[in-house]
Amino acid sequence: MSALRFLGTTSRDGDCPTLYEVEGTDQILVQGDRVTAPEQLAELRHVKEHETFVTVPRSLLARFAPHHESNEIVPFPEIAHLFREFEHTAWRLETRRGYASDRRSESWAEWKAGADITAEPPNAWRENVAAARAEGRRFERVRLVDEPLTEGQEFLLLTGLGNVASGEDIRNLPRAQAQALGLPDHDFWLFDSRILARFVFDEDDTTLGVILSEDPTEIAAACQARDAAWHHAIPTREYAQRVPSAM
C-alpha cells in the first residue's frame with residue numbers, strides 16, 4: 001500500500017477538506033464531506049458500485065491542486081549560490097525531529113561530551129548571514145519542535161543562538177500548532193518568494209538533495225505557509241528561556 005503525502009488543507013479546526021498525494025503514483029486522495037443528497041447523487045454519471053463522492057471548497061483546489069512537478073533531485077551543493085545571490089529573503093521551514101548532518105558534526109560530539117555550544121566561533125554560514133544582513137537582506141527560518149524537545153531539536157536550539165547572534169531570525173513553533181495550522185510536513189527553502197527548494201531525505205534523516213520549483217501554485221502555497229508559521233512562531237531566544245534543559 002502506497003503512503004500518503006499531505007498536500008494541504010483549508011480547515012483550521014482539524015476537519016476536512018484535505019488533499020493528499022499517493023506517493024509513487026499519479027493519484028490524489030481527496031478528503032471531504034460525503035455527498036448524501038439523493039438529488040445530487042441522481043445527477044452523477046457512470047457511477048460504479050465501489051465509488052463514493054465528497055465535496056470540497058474551490059479554495060482547496062486553488063491552493064493545493066495537483067500540478068506538474070519536477071522529480072529531479074538536485075544535489076544540495078548545487079544551490080549554494082542561491083544563499084549568496086537572493087535579493088530580499090531566504091526563508092526556511094524545518095519539520096524533522098533530527099538531521100543526520102547534525103549528528104555527524106563535531107559540535108554534536110562536543111555537546112554530547114558536555115561542552116557549551118551556544119557561542120561557537122563564526123563559520124562560513126554565519127559570515128554569509130552577517131554580510132547579507134549588512135546589506136538589508138534577511139535570513140529567516142521556522143523550526144517545528146516537539147514537546148518535550150527531541151535530542152536533535154535541543155541541539156538546534158542551542159546552536160541556533162549563535163546563528164541568531166549573526167543576524168539570522170530563527171523562530172520555533174510547536175508541532176501540534178503547526179498541524180492545526182495545516183502547515184506542510186516537509187522541509188524547504190523559499191528564496192525571494194520565487195524559487196522553492198524542497199528537501200528530500202532518506203529514512204535516516206540524511207539529505208539526498210532538493211527539488212527546485214518556480215511553479216506559481218507551489219510558490220503561493222509556500223508563501224501562505226510562511227506567513228502562517230511566522231505569525232505564530234516564537235523567537236529562539238525567548239523560546240530557549242522556556243526550555244530549562246536548553247540553558
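Start by selecting Pro-148, which sits in the loop between β7 and α7 (151–165). (Helices, H or I of at least four residues, and strands, E of at least two, are DSSP runs numbered from the N terminus.) Look at the bond leading into this proline: the peptide bond from Glu-147 to Pro-148 is cis, with omega near 10 degrees.

Before moving on, a word on what is on screen. This is a predicted model, where local features need pLDDT of at least 70 and side-chain atom pairs count only at pLDDT 80 or more, while totals for chains, interfaces and linings use all residues. Residues are numbered from 1 along each chain as its sequence is written, and side-chain values use heavy atoms, with hydrogens and water left out.

**Zoom out**

Show the whole chain as a cartoon. You should find 10 helices and 12 strands, with the C-alpha atoms filling a box of roughly 70 × 40 × 30 Å along the principal axes. Of the 247 residues, 45% count as buried; buried means under 20% relative accessible area, exposed over 50%, and partly exposed in between (1.4 Å probe, protein chains only). Take contacts (heavy atoms within 4.5 Å) between residues at least 6 apart in sequence: 67% of them join residues at least 24 apart.

**The three-stranded sheet**

Now select residues 4–9, 18–22 and 28–31. They make an open sheet in the order β1-β2-β3, with antiparallel pairing. Strands count as paired if DSSP finds at least two bridges between them. β1 (4–9) and β3 (28–31) are the edge strands with a single partner each, so one side of each has no neighbour in the sheet. From one strand to the next the twist averages 25 degrees; axes are lines fitted to C-alpha atoms, for helices over the stretch in contact, and angles run from 0 to 180 degrees between N-to-C directions. β1 and β2 are joined over five bridges, and one pair to click on is Leu-4 with its bridge partner Val-22 in β2.

**The seven-stranded sheet**

Next comes the other open sheet, with the order β11-β10-β9-β6-β7-β8-β12 and mixed pairing. At its edges stand β11 (207–213) and β12 (234–235), each with a single partner strand, so one side of each is left free of a neighbour in the sheet.

Select β6, residues 89–94. How many of its six residues are buried? Six of the six. Both faces are covered, with Thr-89, Trp-91 and Leu-93 on one side and Ala-90, Arg-92 and Glu-94 on the other. Then check the two flanks:

- With β7, β6 pairs in the parallel sense over six bridges; Trp-91 stands opposite Glu-140.
- With β9, β6 pairs in the antiparallel sense over four bridges; Ala-90 stands opposite Phe-191.

Go on to β8 (residues 169–174), which pairs with β12 in the antiparallel sense over two bridges. Here Arg-171 faces Pro-235. Then add helix α6 (residues 124–134): the helix lies across β7 (138–145) and β9 (188–191), and runs at about 125 degrees to β7.

**Two buried residues to click on**

Leu-144 is in strand β7. Buried or exposed? Leu-144 is buried, at 5% relative accessible area. Leaving out residues up to four places away in sequence, Leu-144 touches Leu-93, Glu-94, Thr-95, Gln-153, Leu-173, Arg-175 and Ala-178.

Now jump to helix α9 (residues 216–232), the place of Ile-219. This residue is buried too, with a relative accessible area of 8%. Among the residues touched by Ile-219 are Leu-190, Ile-195, Leu-196 and Arg-194. Draw a distance to that last one: the C-alpha atoms of Ile-219 and Arg-194 are 6.4 Å apart, though 25 residues separate them along the chain.

**Two loops with unusual phi**

Most residues other than glycine have a negative phi, and most peptide bonds are trans. With that in mind, select Asp-192 in the loop between β9 and β10 (195–201), where phi is positive at about 55 degrees. Then pick Asp-205, in the loop between β10 and β11. Phi is positive there as well, near 70 degrees, and Asp-205 is buried, with a relative accessible area of 18%.
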